[in-house]
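Biologist: Please take one part of this model and look at it closely, explaining each step slowly enough for a first-year student to follow.

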Amino acid sequence: MKKDWPLWEVFVRSKNGLEHRHFGSLHAADAEMALENARDVYTRRNEGVSIWVVESKYITASNPENNGEFFEPAKDKVYRHPTFYNLPDEIKHM
Amino acid sequence: MSQEQVKSLEENFEHRIANDERIEPKNWMPEKYRQTHIRQISQHAHSEIVGMLPEGNWITRAPSLRRKVALLAKVQDEAGHGLYLYSACETLGISREELYNQLHTGKAKYSSIFNYPAITWADMGAIGWLVDGAAIINQVALCNTSYGPYARAMVRICKEESFHQRQGYEIMLTLCNGTPEQKAMAQDALNRWWWPSLMMFGPRDEDSPHTEQSMKWKLKRKTNDELRQQFVDQTVPQAAILGIQIPDPDLKWNEEKQGYDFGEIDWDEFWQVVKGHGPCNKERLKARVNAWKNGAWVREAAMNYAEKKKNKQLDKAI
């Protein structure tokens with residue numbers, strides 16, 4: 001029985017204090033190999049201090065076709081932004 | 001889906017392209033856009049992978065440790081670039097296995113430049129300087145391409161490529177400042193790699209079947225002939241610094257167009273190599289097919305080991 005290596009998504013923290021960011025994907029037989037391959041493929045020039053890998057099948061993504069309804073709830077809530085509020089010009093630093 | 005729905009999706013898509021918006025994997029795209037991208041991105045990935053072969057042979061023959069580590073790092077980069085591109089291509093819904101299969105059966109192409117042999121050490125210089133130089137020009141033009149995963153892979157690749165060209169030029173420079181025999185070796189490499197490098201930009205615009213559609217989709221930002229001109233203009237002064245001659249009697253500065261005029265490419269040779277009759281086509285493909293076949297047991301063993309380990313963990317948990 002032939003089984004292909006699954007696909008993994010790679011996230012890299014480029015330096016301390018920054019978040020992990022999606023860098024790309026790769027194939028590997030297991031998590032340990034995925035980490036080592038990620039190191040060799042995505043951090044050959046010290047691009048990272050930490051790597052996360054997760055099998056791609058475990059990622060659930062929103063569907064761009066539904067972006068309208070999906071993100072709609074935030075659209076009419078201008079009062080969530082500071083510019084919504086009227087203040088006199090004399091007020092500084094607020 | 002009704003025809004009307006498809007039409008509205010198409011209009012929306014064209015509109016996004018026109019606005020320079022990126023297309024992402026889950027966005028709707030016309031089937032032809034998808035297929036064209038699979039063709040181009042996979043061809044690009046295959047080129048990186050096959051591109052390791054002419055240089056890989058020289059790693060153990062490099063003249064110094066400095067040259068050896070540099071060449072090794074360059075070939076590793078090419079493997080990495082191939083992997084970035086295969087991943088980008090897979091986001092279009094084609095599997096890695098199918099991509100390899102297309103390469104191994106000859107259905108997919110790769111850059112013809114790698115069907116020329118690398119017969120002397122100076123070829124490592126000429127390949128880095130000219131072949132990577134031409135590749136960079138092609139790739140910089142692709143950093144703004146419309147398909148998001150492809151554009152992001154290109155940005156990463158372009159960042160890493162400039163060392164490739166510099167290490168090649170440095171090899172040429174060292175040879176050109178060496179003994180007369182070494183300089184002759186550099187000249188010989190330039191003579192053999194110049195024309196194939198110009199061919200890397202593809203057929204003339206009027207003979208390029210895909211250019212018009214690719215420009216419209218912003219898959220290509222500049223035409224083959226524009227990029228080729230840019231390469232010639234950039235490379236001629238570099239050859240002058242090396243003190244070697246570009247093998248083209250028709251090459252001369254054109255004041256009016258502020259660029260070089262150059263001779264006609266041997267298009268018969270170009271098409272012959274594309275069709276599989278270049279000096280190394282068979283050898284390159286055979287090397288790839290063998291690598292894949294001979295690695296099959298390793299891939300299987302790794303999968304079996306992974307499953308065994310997973311089952312052990314499950315047993316423990318129970």
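Modeller: A residue is called buried here when its relative accessible area is under 20%. With that cut-off in hand, and keeping in mind that this is a predicted model, we can turn to helix 5 of chain B, which covers residues 96–104. In this helix, B:Arg96, B:Leu99, B:Tyr100, B:Gln102, B:Leu103 and B:His104 are buried. The cover over these buried residues comes from both chains, since it includes strand 2 of chain A as well as helix 2 (31–50), helix 4 (65–90) and helix 12 (281–294) of chain B. After helix 5 of chain B comes B:Gly106, whose phi angle is positive, near 85°.

The presence of a strand from chain A in that cover leads on to the interface. There, 22 residues of chain B are in contact with 23 residues of chain A, and the two chains bury about 1900 Å² between them, with 50% of this area on carbon and sulfur atoms. Of the area that chain B buries against chain A, 27% is supplied by B:Lys26, B:Arg156 and B:Met303, which is more than any other three residues give. One of these, B:Arg156, also places its charged end over the ring of B:Tyr84, 5.4 Å from the ring centre.

Charged and polar groups also meet across this boundary, where 7 salt bridges are found between chain B and chain A. B:Asp77 forms a salt bridge with A:Arg45, and their closest N and O atoms are 2.4 Å apart. The interface also holds 13 residue pairs in polar contact, counting pairs in which both residues have pLDDT 80 or more. On the side of chain B that touches chain A, helix 5 is joined by helix 4, helix 7 (148–176) and helix 13 (296–317), each of these four supplying at least two residues. The largest share of that side, 8 residues, comes from helix 4 of chain B.

Strand 2 of chain A, which helps to cover helix 5 of chain B, deserves a last look through its aromatic residue A:Phe23. Over all chains the count comes to 18 aromatic pairs. In the pair of A:Phe23 and A:Tyr42, the ring centres are 6.5 Å apart and the planes meet at 80°, so the pair is edge-to-face. This pair links distant parts of the chain, because A:Phe23 belongs to strand 2 (residues 20–27) and A:Tyr42 to helix 1 (residues 31–42) of chain A, 19 residues apart. A:Phe23 has 11% relative accessibility and therefore counts as buried, and A:Tyr42, at 3%, counts as buried too.

Notes: Residues are numbered from 1 along each chain as its sequence is written. Chains are lettered from A and ligands numbered from 1 in the order in which they are written. This is a predicted model: local features need pLDDT of at least 70, side-chain atom pairs count only at pLDDT 80 or more; totals for chains, interfaces and linings use all residues. Side-chain values use heavy atoms; hydrogens and water are left out. Rings of Phe, Tyr and Trp (its six-membered ring) pair if their centres lie within 6.5 Å; planes under 30 degrees apart count as stacked, over 60 as edge-to-face and the rest as tilted. Buried means under 20% relative accessible area, exposed over 50%, partly exposed in between (1.4 Å probe, protein chains only). A charge sits over a ring if NZ of Lys or CZ of Arg is within 6 Å of the ring centre and within 35 degrees of the ring normal. Contact means heavy atoms within 4.5 Å. Buried area is the accessible area (1.4 Å probe) that two parts lose on being put together, summed over both. A salt bridge is a side-chain nitrogen of Lys or Arg within 4 Å of a carboxyl oxygen of Asp or Glu. A polar contact is a pair of N or O atoms within 3.5 Å; within protein, one must be able to donate a hydrogen and the other to accept it, and residues adjacent in sequence count only if both atoms are side-chain atoms.
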